[in-house]
Amino acid sequence: TCVNLGCVPKKILWNLANLKKENRLMAKCGVLTKEAQFADWETIVKKKQAFITSLNDEYRRTLEKEGVELIMGQAELVDNHTIKIGERTLTAEKIVLAVGGKPSLPSIPGIELAISSDDFFHLNKLPETILVVGSGYIAVEMACMMANFGTKVELILRKDRVLSRMDGEATKFLMNQIEKHRDIIIHKHIDIKSLSGTKEGKKQALLSDGRVFEADQILFATGRRSLTDNLGLNNIGIKLTEDKQAIPVKEDFSTPALDIYAIGDCIGKVELTPVAIREGRVLAENLFNNTSTKPKFKVDYENIPTIVFSDPPIASCGLSEEEAIRLYGKDDVVVYKHKFRDLWFSLLPQDLKEDSLFKLIGIKSQNNRIVGCVLVGRSADEIIQSMAIVIKKGATKKDIDSAIAVHPTSAEQ
């Protein structure tokens, strides 16, 4: 998913969308005499896809070099040691399932008219208007990206804010920024009841409050589920979990079926590419480089840094302010925060200057040990990796302050 329909194509288009936005801003402040002319959407998509194809070719060559046979097709588990792919049958002592996930769309009338995040990467035309349905990281990223490309975006939320698992103050700050500077219209406490089409080829959405919205495209980013269709899990006695419809695994990634293991998005733990890579490495070490009968290596799922490529980006690691208060009590939690403007915006007119918000969460009774960090603003995506090390190593606010700052940067804040 990451290379073909996820992180990589998303980041490519996010970079281009930001470049287009920055060109507009630089033209407005007089640094550019006129806004640069971008290639049409079709050309951008073709160049993006050419790069993705080159990555696939590189991975294929690496597999061949290592003596790994790549077989393309739908695999079906026959038993605990047998897989069938078309007319071909393969056997192995152990089998690893790493099938990933796919978008999950709601069962509403007319849903076939909607597109998912997968479909977005293959649109042959940039829509002038789009409704984005969802509040998670994919919905927020898509909304900001399309807005920066020049599309009029409206974001539909079932609740009152985006990114509900992240720090409340930070996500509300982000919403204010994207409404003010990306011109994204956010609708709260709304459900989509049905979709329909018009004679002109547009899409209409009937909302739970009775209103009807119309747009060129309607994108649903309302969750993902394991890509286990037709995999033959019933043949080996594996039932998906009720809450996430994922493959159940133990700490060593073994499933209820003997000699069958699973890793990555399909197990429903932390659906991030670096996490899946770590799971794969740990599984390989335990299976082939461990003389003990018990798992020697484990994946630590605590304090995993994450980044949402919205605009501005929002990054976090560790506990949110709310989580820290819930665990340690309000009186034992100290919050260090700073709202500022990145130097990048210094030449822009006052109404175009954008704010950043950086927060650290500490525990007073532990010498102000830092247990959480959330960053909203330029460079948040590059800074959060270092803060993850700070949190993993149990550093205190005094430890952070002891380092001399790099100036002028956002990181020094």
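Trainee: How many bridges join strand S6 to S7?
Mentor: Happy to start there, with the reminder that this is a predicted model. Strand S6 covers residues 129-133 and runs parallel to S7. One of the contacts pairs Thr 129 with Lys 152 in S7. The number of bridges joining S6 to S7 is 5.

Trainee: Which helix makes a β-α-β unit with S6 and S7?
Mentor: The unit made with these two strands is right-handed. Its helix spans residues 137-149. That helix is H5.

Trainee: What is the bridge partner of Glu 154 in S8?
Mentor: S7 also pairs with strand S8, residues 185-187, in the parallel sense over 3 bridges. S7, helix H6 (residues 168-181) and S8 make a right-handed β-α-β unit. In S8, Glu 154 is partnered by Ile 185.

Trainee: Is strand S7 largely enclosed or open, and how many of its residues are buried?
Mentor: Buried here means under 20% relative accessible area. Strand S7 has 5 residues, 152-156, and it is largely enclosed by the rest of the structure because the number buried is 4.

Trainee: Nice. Turning to aromatic rings, why is the pair of Trp 14 and Phe 309 edge-to-face?
Mentor: A search of the whole structure finds 6 aromatic pairs. In this one the ring centres are 4.9 Å apart. Planes over 60 degrees apart count as edge-to-face. The pair earns that name because its planes stand at 65°.

Trainee: How far apart in sequence are the parts that this pair ties together?
Mentor: Trp 14 sits in helix H2 (residues 7-28), while Phe 309 is in the loop between strands S15 (306-308) and S16 (314-318). Trp 14 is buried at 7% relative accessibility, and Phe 309 is buried at 11%. The pair therefore ties together parts whose separation in sequence is 295 residues.

Trainee: Is Trp 344 buried or partly exposed?
Mentor: Its ring and that of Phe 345 have centres 5.1 Å apart and planes at 75°, so they form an edge-to-face pair. Phe 345 is buried, with a relative accessible area of 4%. Trp 344 has a relative accessible area of 24%, so it counts as partly exposed.

Trainee: One for my docking instincts: which element gives the most to the lining of the second largest pocket?
Mentor: About 580 Å³ of space lies in that pocket. Of its 23 lining residues, those closest to the centre are Met 387, Ile 400, Ala 411, Glu 412 and Gln 413. By class, the lining has 14 nonpolar, 4 polar and 5 charged residues. With 4 residues, the element giving the most is H9.

Notes: Residues are numbered from 1 along each chain as its sequence is written. This is a predicted model: local features need pLDDT of at least 70, side-chain atom pairs count only at pLDDT 80 or more; totals for chains, interfaces and linings use all residues. Side-chain values use heavy atoms; hydrogens and water are left out. On a 1 Å grid over the protein atoms alone, a cavity is a set of points where a 1.4 Å probe fits but cannot get out, and a pocket is an open set with protein on both sides within 12 Å along at least five of seven lines; lining residues have an atom within 4 Å of a point. Grid points are joined across faces, edges and corners, and a volume is the space filled by probe spheres set on the points. Ala, Val, Leu, Ile, Met, Phe, Trp, Tyr, Cys and Pro count as nonpolar, Asp, Glu, Lys and Arg as charged, and the others, Gly among them, as polar. Buried means under 20% relative accessible area, exposed over 50%, partly exposed in between (1.4 Å probe, protein chains only). Two strands pair if DSSP finds at least two bridges between them. A crossover is right-handed if, with the strands pointing away from the viewer, the path from the first strand over the helix to the second runs clockwise. Rings of Phe, Tyr and Trp (its six-membered ring) pair if their centres lie within 6.5 Å; planes under 30 degrees apart count as stacked, over 60 as edge-to-face and the rest as tilted.
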